[in-house]
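User: I should like to learn how to read sheets, interfaces and salt bridges in a protein model. Could you guide me through an example?

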Amino acid sequence: MVADVTAPELGLRGIATELNTPPRTRARSRARSIGRGNVTHIIVLTLTAVYFLLPLYAAGKFALTVDGHFSWAGLKGISKQDGFKDAFVLSFKLALVTTLISLALMVPTAVLVHLRFPNLRRFFDGLTLLPIVIPPVVLIVGVLQVAPQKLKGTPYLLALEYVVLAMPFMYRSLDAGLRSFDLRTIVDASRSLGGGWLSTLWHVLLPNLRSAVLSGVVLTVALVLGEYTMATLDQYTTFPVWIVYNDQSSSQTSVAASLLALLVTWLVLIIIAAFGGQRRGRGNREEA
Amino acid sequence: MSAVVTDGAPRLARRRPALKGLGAAGGLLPFGAYVTIFLLVPAVAVVVGAFRSPTGQATLHNLHLATQSQYRKGYETSIELSIIASVLPAILGFLIARSIHRAPAESFLRRLVVSLSGVFANFGGVPLAFLFISTVGNTGLLTKWLSDIHFDLYGDTGFNLYGKSGVVLVYLYFQIPLMVLVILPALEGLTPSWREASDNLGGSTLDYWRHVGGPALAPSVLGATLLLFGSAFSAYATAEALTSGTIALTPIQIGAFLNGNVLPGQENVGKALATGMLLIIGAVMVVYVLLQRRAAKWSQT
Amino acid sequence: MTEVTTGSSADRRTAAATSPAPLIATAAEGGAHVEFVGVTRSFGQTRALDGLTVDIAPGELLALLGPSGCGKTTALRVLAGFEHADAGQVMVDGRDVIAVPARKRDMGMVFQSYSLFPTMTALDNVAYGLRLRKQSGPVRRHAAQELLDMVGLAPQAKRYPHQMSGGQQQRVALARALAIEPRVLLLDEPLSALDAKVRIALRDQIRALQQRLGTTTLFVTHDQEEALSMADRVGVMRNGRLEQVASPTELYTQPATPFVAEFVGTMNRIPGQTADQQVMVLGSTVPFTGPPEARGVVDVLVRPEGLAVTPDRNGDAIVTSHSFRGAVTRLGVQLSGDSAVWVDLSSDAASTITPGDPVRVTLTATRVLVDVPQ
């Protein structure tokens with residue numbers, strides 16, 4: 001789903017920008033009175049709010065109501081459901097593997113592109129559109145066609161593919177982070193002081209890229225924990241897949257699990273955006 | 001690897017760090033290899049497979065079937081659905097973006113909406129489907145409220161959460177925020193002094209939008225709509241969780257091939273369908289990129 | 001709330017008569033008479049305009065000069081109709097235009113950031129105002145082409161803004177504003193975003209065009225050189241108020257307040273002592289003007305050309321720097337005590353003086369400005 005790919009990154013950027021720009025005092029009032037347009041705006045925003053908040057409320061009510069009154073049973077029941085633990089653990093493991101491979105692959109690549117091949121940057125920006133053009137449902141068809149049997153037998157095939165799905169915004173996160181400081185100078189300084197490539201990467205670059213790496217990791221994890229298409233078609237029961245199957249036996253816990261997964265993702269996203277963005281901003285000013 | 005020190009100052013310019021030509025390109029090799037193996041090879045395999053019969057011979061039979069009967073219906077429904085699920089949120093998203101862009105209480109309201117948009121745009125797939133089932137499903141909260149006032153949501157309006165109308169409704173949930181996020185920067189790019197210049201020269205609000213704002217925004221809006229189309233068209237998870245395959249949508253149909261519900265001799269039709277998807281989305285993305293370039297030109301000063 | 005006005009219309013006429021370029025006979029028809037009367041505007045706690053009162057004679061170019069935040073841009077925008085005034089009146093040809101919406105005010109504006117419409121060619125940009133006035137295609141295109149000729153951009157007519165340089169864009173913007181034959185031309189720091197060379201060339205072009213057409217013009221800038229070289233009169237603003245409105249010469253030679261004195265040109269500050277109506281400084285006693293609080297120990301404000309330097313082995317001042325500027329050389333001199341001053345003298349006279357030399361600094365000005373010590 002395209003939204004899976006571009007939305008998290010856009011979302012993160014959106015949250016980060018808004019949390020980190022001090023409110024500007026728009027010291028301008030139009031000669032045209034504010035009155036006329038205001039009513040439409042209010043209506044639009046109210047209807048929007050209703051549309052977005054009602055499902056949350058409905059789901060919350062459904063998940064947290066037992067026999068007509070509030071109860072945590074729906075949430076607590078999640079862990080008691082059949083297969084929950086296995087599914088959750090599987091998703092977790094996949095997220096871990098995906099993240100590690102992704103970092104190991106993308107960090108050196110991004111650094112290299114910035115350092116040595118700046119003219120390839122446009123190409124890479126375009127490359128990040130590829131996973132949008134090749135939707136997961138199409139990708140999994142191809143993967144199952146060409147993958148050797150040994151790989152197909154393990155769920156980690158999914159992890160390998162998730163790296164590809166996560167590639168665009170891992171790259172863009174790192175790209176933004178690399179642009180926020182003078183890469184060339186820092187690398188030259190480190191090497192002139194005697195640092196080898198690995199130590200430069202570890203001691204010098206990564207600390208500067210901390211927030212970029214963090215947001216890339218969060219986006220990757222969010223993607224893996226929410227990925228349904230490829231997992232279900234590859235017939236492995238990850239957490240989202242489990243939610244759907246479990247619906248047959250207990251829709252209350254499924255709804256509760258959905259809500260929980262969403263809320264956790266949001267919280268983490270917001271925390272990362274606030275924390276990560278701040279660091280970047282302050283860091284720049286201090287270094288200047 | 002120590003620095004060469006001359007006259008007490010390390011001469012960085014003369015030293016070439018070990019990123020020499022070939023070595024550097026080699027550094028990109030792991031990435032290139034990975035993308036090739038895990039992205040390009042499967043994609044190519046799909047396209048190639050579309051032209052093969054189950055026994056391995058070259059054939060156009062798959063493609064032929066992919067444009068017939070239920071698969072044709074699948075494409076039509078998918079495209080129809082995607083158009084509605086992109087044009088509608090495009091309009092709504094644009095209105096919302098405009099509201100918060102112009103709102104006087106810009107600082108709080110706007111930050112709230114943008115942050116929430118970022119969060120909601122991430123919603124999708126299975127959890128979202130469940131949220132809507134609790135709201136407007138057969139036993140959903142809203143459905144019950146409406147029936148309490150004697151309004152049968154399903155009967156009176158022909159709405160069906162588990163059918164086309166439901167899928168569109170649910171897609172709006174992440175499509176609208178996506179539109180808001182994409183179009184806000186474009187609205188920001190509308191320099192306020194353009195509006196003032198137009199006013200100053202005697203133009204009304206209509207004049208401004210007709211001659212200045214509209215044309216300047218058009219590429220971005222069209223591009224964003226295309227992006228939304230691509231997003232809706234390739235969506236699988238939400239539709240599947242909602243409909244369990246009861247309506248003919250191309251991604252769902254492709255998925256069905258992987259579940260083994262396949263007539264003998266037609267195994268590769270799914271790949272033909274997938275190839276069709278690639279073509280459609282590919283074309284859409286090409287136009288999108290071209291529109292983005294045009295939009296970038298307008299916002300240069 | 002002090003009002004600084006130019007006084008009677010007699011003063012205005014005198015000012016107009018002594019301005020560098022003669023006003024063209026068509027001025028009265030071409031330009032409107034603009035008056036700000038007690039205009040006040042606040043944004044939250046800040047007073048952007050504080051009882052601004054000034055008028056602009058038909059065909060005159062008045063420059064509003066001041067540091068950022070002084071209210072000059074706000075004044076311009078109030079005139080244009082993009083800002084409300086909280087109090088006061090804005091009169092154009094005797095009519096109060098406060099209630100008139102911006103698009104009906106018939107004024108042409110040139111913005112700091114050019115603001116050419118990006119999706120239109122230069123020609124279409126210029127013709128836009130005419131199009132809104134329902135002039136037919138061929139007529140307005142012809143007029144637009146003429147205007148582009150006037151600003152020297154005829155060959156660029158079919159180009160888009162993103163294909164033009166900053167200076168070119170600004171000239172198109174000027175043509176666009178003039179196309180509607182406005183009663184008032186408004187220029188909001190139009191040259192700030194341009195390179196130095198382009199700025200100077202464009203400065204002259206704008207002034208020449210404005211005089212030729214006789215359009216009443218309000219020009220806002222923070223660059224005193226620009227203001228002094230272009231304007232018939234300059235109004236120096238600070239904190240929403242006009243400190244002084246006068247011809248460039250008068251502003252330079254007879255600054256009304258210390259702020260104006262220091263903002264326009266270079267000013268030295270030297271400690272002095274007042275006694276009655278005179279002040280003692282550098283061994284001379286001269287009459288002074290200044291704010292009532294400045295009495296007793298004061299800072300005396302003198303221009304570099306109001307001081308003289310004589311080599312003197314027993315002098316208590318030391319030359320610290322020597323800056324050759326063509327006909328004039330500027331010396332930096334450290335006086336006994338903590339003050340340092342700039343002294344301008346002819347390069348011939350300065351040729352014998354080098355940094356490190358002891359000198360004697362004397363006052364040649366016959367009247368000075370004083371201020372509270374800082």
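Analyst: The following turns take up the model, its sheets, one interface and its salt bridges.

Analyst: This is a predicted model, in which local features need pLDDT of at least 70 and side-chain atom pairs count only at pLDDT 80 or more, while totals for chains, interfaces and linings use all residues. Residues are numbered from 1 along each chain as its sequence is written, chains are lettered from A and ligands numbered from 1 in the order in which they are written, and side-chain values use heavy atoms, with hydrogens and water left out.

User: What is the order of the strands in the open sheet of 4 strands in chain C?

Analyst: Strands of a sheet pair through backbone hydrogen bonds, either parallel or antiparallel. Helices (H or I, at least four residues) and strands (E, at least two) are DSSP runs, numbered from the N terminus, and two strands pair if DSSP finds at least two bridges between them. Here the order is β2-β1-β4-β5 of chain C, with antiparallel pairing. At the edges stand β2 (46–56) and β5 (95–96) of chain C, each pairing on one side only. Between β1 (residues 34–43) and β2 of chain C there are 7 bridges, and C:Phe43 has C:Thr46 in β2(C) as its bridge partner.

User: Which strands of chain C stand at the edges of the open sheet of 5 strands?

Analyst: That sheet has the order β15-β19-β16-β17-β18 in chain C, again with antiparallel pairing. Its edges are β15 (307–311) and β18 (340–346) of chain C; each has a single partner strand, so one side of each is left without a neighbour in the sheet. β15(C) pairs with β19 (residues 358–363) of chain C over 5 bridges, and C:Leu307 has C:Leu363 in β19(C) as its bridge partner.

User: How much area do chain B and chain A bury between them?

Analyst: Buried area is the accessible area (1.4 Å probe) that two parts lose on being put together, summed over both. For chain B and chain A this is about 8300 Å², 74% of it on carbon and sulfur atoms. Helix α2 (residues 29–50) of chain B supplies the largest share of the side of chain B that touches chain A, with 13 residues.

User: How many salt bridges does the structure hold over all chains?

Analyst: Side chains of opposite charge can pair when their charged atoms come close. A salt bridge is a side-chain nitrogen of Lys or Arg within 4 Å of a carboxyl oxygen of Asp or Glu. The structure holds 25 over all chains, whereas the count between chain B and chain A is 0. One salt bridge joins the side chains of C:Arg233 and C:Glu60 (2.5 Å, N to O). C:Arg233 lies in strand β9 (residues 233–238) of chain C and C:Glu60 in the loop between β2 and β3 (61–65) of chain C, so the pair ties together parts that are 173 residues apart in sequence.
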